[in-house]
Amino acid sequence: MTADTAIYIPPYKADDQDVVVELNNRFGPEAFTAQDTRTGMPVLWAARAKLIEVLTFLRNVAKPYSMLYDLHGVDERLRTQRRGLPGADFTVFYHLLSVERNSDVMIKVALNEGDLNLPTVTGIWPNANWYEREVWDMFGIDFAGHPHLTRIMMPPTWEGHPLRKDFPARHRVRPLQPEPGQAAARGRSRTLQPRSLGHEAFRCQRGLHVPQPWPQPPFGSRCVPYRAAAGR
């Protein structure tokens, strides 16, 4: 293996551009701004007002884009090379995958710093729930209609959004000291609360066990529901 083959990215097939034709036929070519990419994957910028309509179309089109592969944000405020792309302080992108087509498409939305709001897409792809929580946690972008828009990466007592370019990450000159009354709250935020995640806790001989969504080794009679173990 050489350095060239190690970073080789297979080009997208010509028929991957079919989705661009379908979108232009449905919404009109003026509804999108196409972005050239190194791989040739279709990347289109869409207006926020059309976002739900565009994504719903892609979810229900023949050979649908049934999988939301990724959703995240970018702080664009220091970008100097726009190359004809929409002006944006922040960008949120939706990377979609069609299994039947064996192809991808990415939809991007430009946002202004003073208006960081988007509608949630949890009604189209339920797995957007945690993606949108992470974008809010890291960038402060709000998703209207989200069922539980709370922090997912940082502790509940965290202030600010760490992936914003103006986040004060490296200029502290003294150790961070909690304000009076915050120490107990931060301690509670580090405590595992299985029921807040929708899990039933189990008390085992080896300590607290929280069932996971993937296969687990059998625990036999050593584990009983925490409620029963606690006499509740």
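1. The accessible surface of the chain comes to about 14600 Å², and 55% of that belongs to carbon and sulfur atoms; areas here are from the Shrake-Rupley method with a 1.4 Å probe, and for residues only the protein chains shown count as cover. Keep in mind that this is a predicted model: local features need pLDDT of at least 70, side-chain atom pairs count only at pLDDT 80 or more, and totals for chains, interfaces and linings use all residues. Residues are numbered from 1 along each chain as its sequence is written, and side-chain values use heavy atoms, with hydrogens and water left out.

2. Of the 232 residues, 32% count as buried (under 20% relative accessible area, with exposed over 50% and partly exposed in between, 1.4 Å probe, protein chains only). The chain has 6 helices and 10 strands; these are DSSP runs (H or I of at least four residues for helices, E of at least two for strands), numbered from the N terminus. Among contacts (heavy atoms within 4.5 Å) between residues at least 6 apart in sequence, 54% join residues at least 24 apart.

3. Now for the sheet. Five strands make an open sheet in the order E1-E2-E5-E4-E3, with mixed pairing; two strands pair if DSSP finds at least two bridges between them. Strand E1 (32-34) and E3 are the edges, each pairing on one side only. Neighbouring strands are turned by 25° against each other on average, direction ignored.

4. E4 deserves a look of its own: 9 of its 9 residues are buried. Phe90, Val92, Tyr94, Leu96 and Ser98 point one way, while Thr91, Phe93, His95 and Leu97 point the other. In a regular strand the side chains alternate between the two faces of the sheet.

5. E4 pairs in the antiparallel sense with E5 over 9 bridges, and 8 bridges join it to E3, again antiparallel. Leu96 in E4 has Val105 of E5 as its bridge partner, and Leu68 stands opposite Leu96 as well. The hairpin of E4 and E5 has 4 residues between the strands, and Asn102 there takes a positive phi near 55°.

6. What sits opposite Tyr94 in E5? The bridge partner of Tyr94 is Ile107. Both residues turn up again among those with the most contacts inside the largest nonpolar core, together with Leu55 and Leu58. That core has 35 residues (a set of buried Ala, Val, Leu, Ile, Met, Phe, Trp, Tyr and Cys residues joined through side-chain atoms within 4.5 Å). Elements giving two or more residues to it include helix H3 (51-60), strand E4 (90-98) and helix H4 (128-139).

7. Helix H2 packs on the sheet, touching E1, E2 and E5, and its direction makes about 155° with that of E1 (axes are lines fitted to C-alpha atoms, for helices over the stretch in contact, with angles from 0 to 180 degrees between N-to-C directions). Its buried residues are Val19, Val20, Leu23 and Phe27. Seen down the axis of H2 they fall within an arc of 105°, so they line one face of the helix; the arc is that of the directions from the helix axis to the C-beta atoms. Their cover includes E1, E2, H3 and E5. H2 is followed by Gly28, with a positive phi near 95°.

8. One last residue: Ser103 lies in strand E5. Is Ser103 buried or exposed? At 2% relative accessibility, Ser103 counts as buried. Leaving aside neighbours within four places in sequence, Ser103 is in contact with Asp16, Tyr65, Leu96, Leu97 and Ser98.
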